[in-house]
Amino acid sequence: MSAFGLVHAHFATEDGADISYRIRRGRDPLVLIHGLGCDASMWDGVVAALPSDLGLVIPELRGHGASTLGWRLPSVDLWADDVLRLLREKSIEVPAIAGLSLGGYTALGIAAAHPGFARAFAFISTSAAPDDEAGRLRRATGIATIRREGWRRFAAAIIPSLLNAAGPQFPAHSKHLQTMFEHAGDSGLPPTLMALAARPDRRELLPSIGVPSIVIVGAVDTLTPPEKARELAAGLAEA
């Protein structure tokens, strides 16, 4: 058992992926889904601030953390399917689901595939809109950087846009991100970037998400600026 009463475990998918996750049994289960290049440890500070009797499920998506890739290419819908399978295997019913960036896209994938499954959502630094052409080209540039120069060069280029470089905790958080990106590495990051570039448009889904939701964003977030977060919140019936 790890810190905070979380148990580390894994399960195998039909296409040969090994999905790692952390779980803690308790009341009002909450699912926490990490962002690009991250793993379950991304949520350690959040978990430390939550009540110790709250149920938690923290998956590591394919290609991230200790989770492997199966023979199917990652996609937002495949990540959503993996999380749903995990929750059903553990008999987790009507959870609240929080997702950061990539995790938010995955949460929207869960809402699309199984309306009414979650009792609430938190969408953090994420968007219901797909990548535009410029965004897809940036993903392609990132894939090329990893192919030619490795994940470290890609991480060094993207981390300043993921964190507040002027913040006092930037050095510690940057080091933590580097460690998580290493776990995803040269094998996990390229297919993830491809999946993000190909993710579907979920904007028409938003009005049908009829459960309490919250949209969270950093005031100096450049990848998902506050006005984009307001657009997301405006589309949700109960945000």
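Here is a walk through this predicted model, from its overall form down to single residues. Residues are numbered from 1 along each chain as its sequence is written, and side-chain values use heavy atoms, with hydrogens and water left out. Because the model is predicted, local features need pLDDT of at least 70 and side-chain atom pairs count only at pLDDT 80 or more, while totals for chains, interfaces and linings use all residues.

Let's start with the big picture. The chain has 7 helices and 7 strands; here helices (H or I, at least four residues) and strands (E, at least two) are DSSP runs, numbered from the N terminus. Follow the sequence and you read β-β-β-α-β-α-β-α-β-α-α-α-β-α. The C-alpha trace spans about 45 × 40 × 40 Å along its principal axes. For 239 residues, a compact globule would have a radius of gyration near 18 Å, and the chain, at 17 Å, agrees with that. (That radius is taken over C-alpha atoms, and the globule rule is 2.2 Å times the number of residues to the power 0.38.)

How does the chain fold back on itself? Take the contacts, meaning heavy atoms within 4.5 Å. Among those with a separation of 6 or more, 72% come from residues 24 or more positions apart. As for the outside, the accessible surface comes to about 11,400 Å², and 56% of this belongs to carbon and sulfur atoms. Such areas come from the Shrake-Rupley method with a 1.4 Å probe, and for residues only the protein chains shown count as cover. Of the 239 residues, 50% count as buried. Buried means under 20% relative accessible area, exposed means over 50%, and partly exposed is in between (1.4 Å probe, protein chains only).

Now for the inside. The largest nonpolar core has 67 residues. A nonpolar core is a set of buried Ala, Val, Leu, Ile, Met, Phe, Trp, Tyr and Cys residues joined through side-chain atoms within 4.5 Å. Phe121 and Ile209 have the most contacts inside this largest core, and helix H6 (residues 170–197) gives the most to it, with 9 residues. Which residues does Ile209 touch? Leaving aside residues up to four places away in sequence, Ile209 touches Leu108, Ala111, Phe121, Phe123, Leu236 and Ala237.

Helix H2 is a good next stop. The 14 residues of H2 (residues 76–89) should span 20 Å at 1.5 Å a residue, and the end C-alpha atoms are indeed 20 Å apart. The expected span is 1.5 Å times one less than the number of residues. Buried residues of H2 include Val76, Leu78, Trp79, Asp82 and Leu87. The buried residues of this helix pack against strand E1 (7–12), E2, E3, E4, helix H3 (102–113) and H6. Just after H2, Ser91 takes a positive phi of about 55 degrees.

Charged side chains add their own links. There are 13 salt bridges, each one a side-chain nitrogen of Lys or Arg within 4 Å of a carboxyl oxygen of Asp or Glu. One of them joins Asp44 and Arg22 (3.3 Å, N to O). Asp44 lies in helix H1 (residues 44–49) and Arg22 in strand E2 (residues 18–24), so this pair ties together parts that are 22 residues apart in sequence. Asp44 is partly exposed, at 28% relative accessibility, whereas Arg22 is buried, at 15%.

Another salt bridge joins Arg27 and Asp53 (2.9 Å, N to O). Arg27 sits in strand E3 (residues 27–33) and Asp53 in the loop between H1 and strand E4 (54–59), 26 residues apart. Arg27 is partly exposed at 37%, and Asp53 is partly exposed at 41%. A third example pairs Arg152 with Glu182 (3.7 Å, N to O). Arg152 is in helix H5 (residues 151–162) and Glu182 in helix H6, so the bridge ties together parts that are 30 residues apart in sequence. There is also a network of salt bridges that links Asp15, Arg62 and Asp82.

Finally, a look at the backbone. Asp28, in strand E3, has a phi near 45 degrees, a positive value in a residue other than glycine. Asp28 is partly exposed, with a relative accessible area of 39%. Ser125 is not a glycine either, yet has a positive phi of about 45 degrees. Ser125 lies in the loop between strand E6 (120–124) and helix H4 (133–149). Is Ser125 buried or exposed? At 13% relative accessibility, Ser125 counts as buried.
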